[in-house]
Amino acid sequence: MRSLRRVAFLGTCLIIFGSLALYLMLDLTLPQENRHIAKFHHEEDTIITKAEKQIETLGEDAHQKKTEILSQLDLELPFSPKCSSLSQTPPHMDVQMLSVYDELKFDNLDGGAWKQGWNVVYNEQQWANDDLLVFVVPHSHNDPGWKKTFEEYYQVHTRSIFNNMVTKLMEDERRKFIWAEISFLSLWWEEVTDDMKAKFKQLLDRGQLEIVAGGWVMTDEANSHYYSTIQEMLLGHQWLYNKLQYKPRYSWSIDPFGLSATMPSLLKKMGMDALVIQRTHYSVKKYLAKSKQLEFRWRQTWDDVGSSELLTHMMPFYSYDVPHTCGPDPKVCCQFDFKRLPGFAVTCPWRVPPQPITQHNVAQRATMLLDQYRKKAQLYQTNVLLVPLGDDFRYDHSTEWDAQMNNYQKLFDYMNNNPSLNVKAQFGTLRDYFAALKTKMPYNKFPTLSGDFFTYADRDDHYWSGYYTSRPFYKRLDRVLISYLRSAEILLTLSWTEGLAHGVHADWLASSDSILLRQLSEVRSSLSLFQHHDGITGTAKDHVVTDYAKKMWEAIMSAHHVMQQSIHFLLNTMKDSYTPSPHFEFFSMDDNRKFPNSLSEQTLLKFSSNVESIRVVFFNSLTWRRQEVVSLKVATVDVQVRNFEGGIVNSQVSPLCQLTDVTKQCFLLSFVADVPPLGITTYFVEHLMSSDTPRENKVQIKVFNAGLRNSQRGMFEDWVKDFDKGKEFSIQNNRMSVTFSTSGLLKAITLKDTGRVIPMHLSFAKYKTRLGQDKSGAYLFLPDGDGETIIVKSPLILVFEGPIMSKVLVQLSNVLHTIIVYNTPGADGLGIEIQNKVDISNVNGNYELSMRLSSNIKNGDVFFTDLNNYQIVKRKRYSKLPLQANFYPMPSAAYIEDDAHRLTVLSAQPLGVSSYREGQLEIMQDRRLLQDDNRGLDQGVTDNTPVISIFRILVEERKSGCYSLSSEHPNGLLSEDAHLSQLSLLYPMNRLVWTGGELTPTDLMTSYTPVRDEPPSVDMHLVTLTTLLMRGNVSSGIIIHRTHLDTCYRAHLSGQHPLSEGTIDVSALLPPPAASASAPMFRSSITFTHIDDKVPLDRSQPQPVCAMDLAAFWMPKPPTG
């Protein structure tokens, strides 16, 4: 038997290497000029997959030989062998975008046919010895929601695109096509026949069809959190791997409104080789085109070795549609969009229609098109040219396929059969293009570029900074869903691992039949769909926004169900004999939303003769111990809190319902919860006799400018110690004292460490839109001026002071403004918290609201914002640019600083931000716009709904003479305090109330944590611990992000949270059996499709993680028995 296996194995090897050799010989038989065009029809990944399938049949003896074979294919995997180091001075880059902005005049000169460029000329003889190679790439950009819902677009357009694609590509092997959005592909796959699926796979194998990017959607890059981007790419890549055994290698991002520097880093970690982008500022395109730097190695700003870089191709012209992709003259290019032939109901704006290609006109038409190709080629360094051929929802009718493919093939045939033209043209894919490109120019000869491409302008002063804030309610809902999905993933994975350890049949937790795993997949799908660049951006039609919200609302409830099921299992003392009830609700999440656009409401905890104590469970999804304020809604003031050891916990009670409705009585119970890393802790809320309630538990209230009637005053008589007119006042904790003006708005912050007083004035401002034809809309911010400060006169002010937290509520026009100071030893006590409940739904007219923080910090024209919560970049305020151009996306953080102080704003939702004056940060809050801004949506933004936006504000003192980065560095860093506070804000502790009814929770433990010994260091963030279903097998994956922190500011919690030395002990995050050294673990891409299974890792040994980088580890299910 062993001899037979060896013979079979040798035969397999000969087949594999024989195929490779045959390909090489065929390549050598081609003419020199055609050799690089030839297409090896099987992806490298397909070779691997076939080799794996054949070797797997040989049994375990072949494993070592399999590893040797695959290693000889020498494919680049996304496991960086070297770390780049963030040094104080910036590494050299050929192009640094902040320097480009310093240099650009933004003069917007008329370039003629190419309005935003110049009159391009060329020498016809330049290709005499090396033909121009043209790859025309047919594509169809499909938005999973915009003017129609995701499902509506599928029914009307996308289904037909797929059906026609298979039919028309099968007719002629010379035809090619690329596809990006896997959300649509998954819908189609569920309903088509096996024959259609087989043909689809055949087209992939032939190389006629290529999946590019492979994400669930083409994600927005301004508002999205990097966790969500990983999720939507992981969902798409896992679908492709499970259904098609396919792994994309080239990415395609042609419609997001500005591009983030985070994306190439993430894509590199997903196994991508190159990227194509489109929407960048027209002045940037012109600048790069002038120096032939539209193709570059896109690096992170700190990367000195190239470990993060990705080869990137930037399209040079206005749009990705056909009139703007063949060359610089759209009037000419439009004549080669054959869907615009007479009779197709689509015309050319330049009023010169295409002509069908015949033997009589082919010479003239081919020469006209070639002229555009040659001119476009002048903008790039090589003689290899990429020409996209498509637009939104194209190729949905067979007639368009015939018109485009047949007419272009006639043009190609004429060009290719006339050697004097020195051109070889064909249909192609991104893989074809980049393969040819790499043969023409060594990779290291492409220039390096660092930085991002915000804020995008497509023409004139039309800056797309409005969508950073449009529909803020749904932007906030996105972050809420992120928090719940991440918690659900962690809890389910911990439960599955614990179940395996206890010998439990864990299929109910994780298998192809698992209800919980299926629900979790639906949650991922809903979050991923919203990352679409017309989803989280707030740039879809009203009914589409409602559809996104409904999906997210249902996803939140599904995540809640997975969480409470997992928590019940983890706390159960009888895991060995646990009987699952996957539909039962043991706990209810203390976060109720009646409708998709409703604000969150807490569960009212009521007591009765049968219920004198209520069990509440808290889950901490972070990897460090948290001691933070939690609040519960109770029906009476006569309550106290006990921890799971029976000790009474200090608490405070304040009125809640009666603040807005005098007929209702409910209260807010607040205390400091102490929860271990990745831990679950139980607290008990107990009903007391009124005589036993400590008076010090009640907050004291000051009321200013009330104008309350005597009956209303009587309602507060047990609480209020001061009724008065407006006057200055302060609240404090053990770290700071916060002073307020007579209007109730922030005035100054005093740091108790040093006694230093930092003036800090908070105000609100409003913008209208400009006069004239061009106005603000969902995408564009076109204000009528600098913004008018809103004058506040004698507002109602409530001041709550208690031992646990103090807060100030100010009722302003359209805003209920709240500032909270927590008195805790945890991350929530490091700064002040702002909550703005904004409602501009009743405003008549165009109205945009912002919040301004003004200080005496001497930041000049420099400020810093984050990109996708992944990194911080430097911004500059430019007087040569209009106000709207100086606003940037703030997914989670912004700061200004000088030699002495730093002011940091941390945001629980993405919004637009600027520092339009020295010492100031301005954060947009909401927008109401009555008109369309002529970018295709055909409506304004008038579906405003009340939204609560949450911020943390930190003021920090710099250590004398300490600078982590030089003033020339384009990077920024959060301090340790800001980093901890940000994670605390984005991932609040989850609150669950026992609702088991008659089920007595006597078999439940009161606490749980998998973390033993020392938890990971504060700079090591657990992005996710997730359960995977890969080709029918359950496994788990873990992703770690190691950030770099600015140590020039005092870390108040440094004793609790030391920095790492660059390694992480993964086993410290897992239950003991899963942490065993014998359990296999492998390095992986962050979408878990590229596994480095040649090098098994010891889970119990520290694993290196590069600074400012991600590391992923894949853990297969351990063998049973």
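Salt bridges come first: in this predicted model, the count comes to 51 salt bridges. Side chains of opposite charge can pair when their charged atoms come close. A few of these pairs are worth a walk through the structure.

One of them brings together Arg 206 and Glu 173, whose side chains meet with 4.0 Å from N to O. The two partners sit in distant parts of the chain, 33 residues apart. Arg 206 belongs to helix H8, which covers residues 194-206, while Glu 173 is found in the loop between helix H6 (150-171) and strand E3 (177-179). Their surroundings can be described too. Arg 206 has a relative accessible area of 16%, and because this is under 20%, Arg 206 is buried. Glu 173, in turn, has a relative accessibility of 48%, so Glu 173 counts as partly exposed.

Glu 897 offers a nice example of an acidic side chain with two partners. Its side chain forms a salt bridge with Arg 902 at 2.9 Å, N to O, and another with Arg 958 at 3.1 Å, N to O. Glu 897 lies in strand E38 (residues 893-897) and Arg 958 in the loop between strand E42 (947-957) and strand E43 (971-972), so this pair ties together parts that are 61 residues apart in sequence. Both arginines can be placed by their accessibility: Arg 902 counts as buried because its relative accessibility is 1%, and Arg 958 counts as buried because its value is 11%. Elsewhere, sharing of partners goes further, with salt bridges joining Asp 337, Lys 339, Arg 340, Arg 394 and Glu 400 into one network.

The next topic is the covalent links between cysteines. The count comes to five disulfides. When the bonded cysteines of the protein chain are numbered in sequence order, they pair as 1-10, 2-3, 4-5, 6-7 and 8-9.

Cys 83 and Cys 1106 form one of these disulfides, with their sulfur atoms 1.8 Å apart. This disulfide is left-handed, because the torsion about its S-S bond is about -75°. The link spans distant parts of the chain, as Cys 83 and Cys 1106 are 1023 residues apart. Cys 83 lies in the loop between helix H4 (63-72) and strand E1 (95-96), and Cys 1106 lies in the loop between strand E50 (1103-1104) and strand E51 (1109-1116). The two ends are not described by one word: Cys 83, at 45% relative accessibility, counts as partly exposed, whereas Cys 1106 is buried, with a relative accessible area of 12%.

A second example joins Cys 334 to Cys 348, with 2.1 Å from S to S. Here the torsion about the S-S bond is about -105°, so this disulfide is left-handed. Cys 334 and Cys 348 are 14 residues apart, and each is in the loop between helix H12 (330-333) and helix H13 (362-377). Cys 334 is buried, with a relative accessible area of 0%, and Cys 348 counts as buried at 7% relative accessibility.

A further disulfide connects Cys 657 to Cys 666, and the distance from S to S is 1.7 Å. With 95° about the S-S bond, the link of Cys 657 and Cys 666 is right-handed. Both of these cysteines, Cys 657 and Cys 666, are buried.

Technical notes
Residues are numbered from 1 along each chain as its sequence is written. This is a predicted model: local features need pLDDT of at least 70, side-chain atom pairs count only at pLDDT 80 or more; totals for chains, interfaces and linings use all residues. Side-chain values use heavy atoms; hydrogens and water are left out. A disulfide is a pair of cysteine sulfur atoms within 2.5 Å. Helices (H or I, at least four residues) and strands (E, at least two) are DSSP runs, numbered from the N terminus. Buried means under 20% relative accessible area, exposed over 50%, partly exposed in between (1.4 Å probe, protein chains only).
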